[in-house]
Amino acid sequence: MTRPSRHAAGHSPRRTAEAPSRRIAPEGPAACPAEVPERAARLDRPSVVIVVPAVLALAAGLSDLGGPPPWRDEAATVSAVGRTLPQLAHLLQSVDAVHGLYYALMHVVAGLSGTAEVPLRIPSVVAGALAAAGTGAIGRALGAPRAGLYGGVLLALMPIFSRYVQEARPYAMTAAAAVGVTLLFLRVLRSPTSAVLAAYAAALTVLAYLNLFAFLVVGAHGVALILSRGPLLRWACAATPALAAVAPLAWLGSRQSAQVGWIPRPGVTDVGRLAVQLSGDLGGATGPGVAPLTWALALFGLAYAAVVGVRRARAARRTKDPAERPAETPAGERAETPVEEQAETSAALVRLALPWLLVPALVLLTVSWAVHPVYVFRYVFCCVPAAALLAGAGLAALPPGLAAAVLAAWLGLSVPGQLATRGPDGRQDDPRPVMALLAAEAQPGDGVLFVPAKVRKYEAVYPSVFGGLRDVALARSPEQDGSFPGREVGTRVLAARLDGLRTLWVVGHTGKNAMPARRRALVARSFAPAGRWTFRGLFVDRYVLRHAHRSNGAGVGK
């Protein structure tokens, strides 16, 4: 029987009839013929390719897990999952329906372990370990175990990966789901049975319900399928039901479009930051970090795949000549050479990873420029494993000693980003000094105002701090209102509530620190400013009753 000269992407190279017990190893530079097959066999073990990245990701995720301050989006998680199921359903009718599956899962976690930040972050750490392990599994499924191993290790130790693994939000779960969906996609390429197609459709649906924009990964799979000349019709039979299942969520999300109304139109700097973040670093004050080396490795992996592909083409042309055909190969049957198998493995990895890396980000950027701004990096965070795979392929193409040295250099460059993401500047805002100030200075019975009202989410995170203060503007609680900020009173009711207060605290987001003019005038009528503190992303103003202010001689500031 003749053998196909081309494997579909994701199909591991077959063994030749002459050597059934020995895998054909890729031709790496400076590879020793006696050692390479043995090394390849060791790297092909799941205990190495899958477990090592998972353990590293778990260790990195658990390291100082309570260090990063809980920021405003995590406060939304705490506010949502601390409600009863009817209250949570009421919330999702007006906001955050696209996160409904995540909130439902975390509601169970909160019921078991409470709403402290560390227990709520544990599921993201576990998801990060699964994503790293799955990245290694993808490389192994493509017949490139060393690329999978290196890719999984790089992913596990990327600062941007730690940034999202160490927070109580759905993006680490989304990355793990994207990796799992991609593994199923490789199964679709190899054996598109009804069971595999059904599992793939179900996984795509779960991915979209974790993050609606992550469903763009299906477009990347479509491009990879076309490049691989795979079973397009059968794939469409799985993708179409998934699209139908996701359509109600997309419709509901479109009715809640105000929750993405704050997103600005991306500019050139956003594109540059995207390149840094996709390749593993934070894209902030820490500089590019590992990004240049990650991109260099990925580009080297692409160039190496191209070179090996050219060598394959030349080898194929030579084997067409009967005089060049190996004597032990029977007529009409052609055993693939190591160059050909390595070329197909490299090409398969590129065909899969490159669309995965680029398609979702390009679609969101295009929509943001042409229609309405919807691009935020966390919406394409699920594409970072693709960058890790390409960089892992670049490392795998190097001689082992050089690969170890480059990996060590990469790890050294990652340290500043790892420290930064766990520090007080690792998130958009840092509420801890605000809470320390209020705990030390505020007295029971003091009033508190939130600017804007959604800052009230922090009451759910720090009930011990706000429990003794009077929320003077609150008319209806967030739980009753089915929202995060709740509903606030009008000016007349607020004036009555301010009457009798001696101290008023205003807590707000920096950049959004202007109270409505009528409310500001109302406060200024009876209170004088007595201090202002600004922290990362948040500010606190203290106001004291005017006659008390004059009698005790307190000044502005502290």
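1. A search of the whole structure, which is a predicted model, finds zero disulfides. Cys-382 is accordingly in no disulfide, and the nearest cysteine sulfur, that of Cys-383, lies 4.3 Å away. A pair of cysteine sulfur atoms would have to be within 2.5 Å to count. Cys-382 is buried, with a relative accessible area of 2%.

2. The sheet. Five strands form an open sheet in the order β2-β1-β5-β7-β6, and the pairing is mixed. The edges are taken by β2 (470-471) and β6 (527-535); each has a single partner strand, so one side of each is left without a neighbour in the sheet. Helix α24 (residues 517-526) packs on this sheet and touches β1, β5, β6 and β7 (538-545). The direction of α24 makes about 120° with that of β6.

3. Pairing of β5 with β1. Strand β1 (residues 447-451) and strand β5 (residues 503-509) run parallel and are joined by five bridges. Within this pair, Leu-449 stands opposite Val-506 of β5, and Phe-450 has Val-507 in β5 as its bridge partner.

4. Pairing of β5 with β7. Here the strands run antiparallel, with seven bridges between β5 and β7. Val-506, which stands opposite Leu-449, has Asp-541 in β7 as its bridge partner. The two pairings of β5 thus illustrate the mixed character of the sheet: parallel with β1, antiparallel with β7.

5. How far is β5 covered? Seven of its seven residues are buried, and the strand is mostly covered. Both faces are covered. On one side the buried residues are Thr-503, Trp-505, Val-507 and His-509, and on the other they are Leu-504, Val-506 and Gly-508. Val-506 and Val-507, the residues named above as partners of Leu-449 and Phe-450, therefore fall on opposite sides of β5 in this listing.

6. Thr-491. This residue lies in helix α23 (residues 491-498). Is Thr-491 buried, partly exposed or exposed? Thr-491 has a relative accessible area of 31%, so it is partly exposed; buried would require a value under 20%, and exposed one over 50%. Not counting residues up to four places away in sequence, Thr-491 touches Arg-518 and Leu-522. Its C-alpha atom is separated by 9.0 Å from that of Ala-473, which is 18 residues away along the chain.

7. The pair α12 and α13. The axes of helix α12 (residues 217-228) and helix α13 (residues 232-255) come within 11 Å and cross at roughly 170°. The two helices are therefore roughly antiparallel to each other. On the α12 side the contact involves Val-218, His-221, Gly-222, Leu-225 and Ile-226, which meet Leu-232, Trp-235 and Ala-239 in α13. By class, this contact has six nonpolar, two polar and no charged residues.

8. Ser-368. The place of this residue is in helix α16 (residues 338-370). Ser-368 has a relative accessible area of 0% and is buried. What does Ser-368 contact, leaving aside its neighbours within four places in sequence? The residues in contact with Ser-368 are Arg-265, Pro-266, Pro-373, Val-374 and Tyr-375.

Note on methods. Residues are numbered from 1 along each chain as its sequence is written. This is a predicted model: local features need pLDDT of at least 70, side-chain atom pairs count only at pLDDT 80 or more; totals for chains, interfaces and linings use all residues. Side-chain values use heavy atoms; hydrogens and water are left out. Helices (H or I, at least four residues) and strands (E, at least two) are DSSP runs, numbered from the N terminus. Buried means under 20% relative accessible area, exposed over 50%, partly exposed in between (1.4 Å probe, protein chains only). Contact means heavy atoms within 4.5 Å. Two strands pair if DSSP finds at least two bridges between them. Axes are lines fitted to C-alpha atoms, for helices over the stretch in contact, and angles run from 0 to 180 degrees between N-to-C directions. Angles under 35 degrees count as roughly parallel, over 145 as roughly antiparallel, 65 to 115 as roughly perpendicular and the rest as oblique. Ala, Val, Leu, Ile, Met, Phe, Trp, Tyr, Cys and Pro count as nonpolar, Asp, Glu, Lys and Arg as charged, and the others, Gly among them, as polar.
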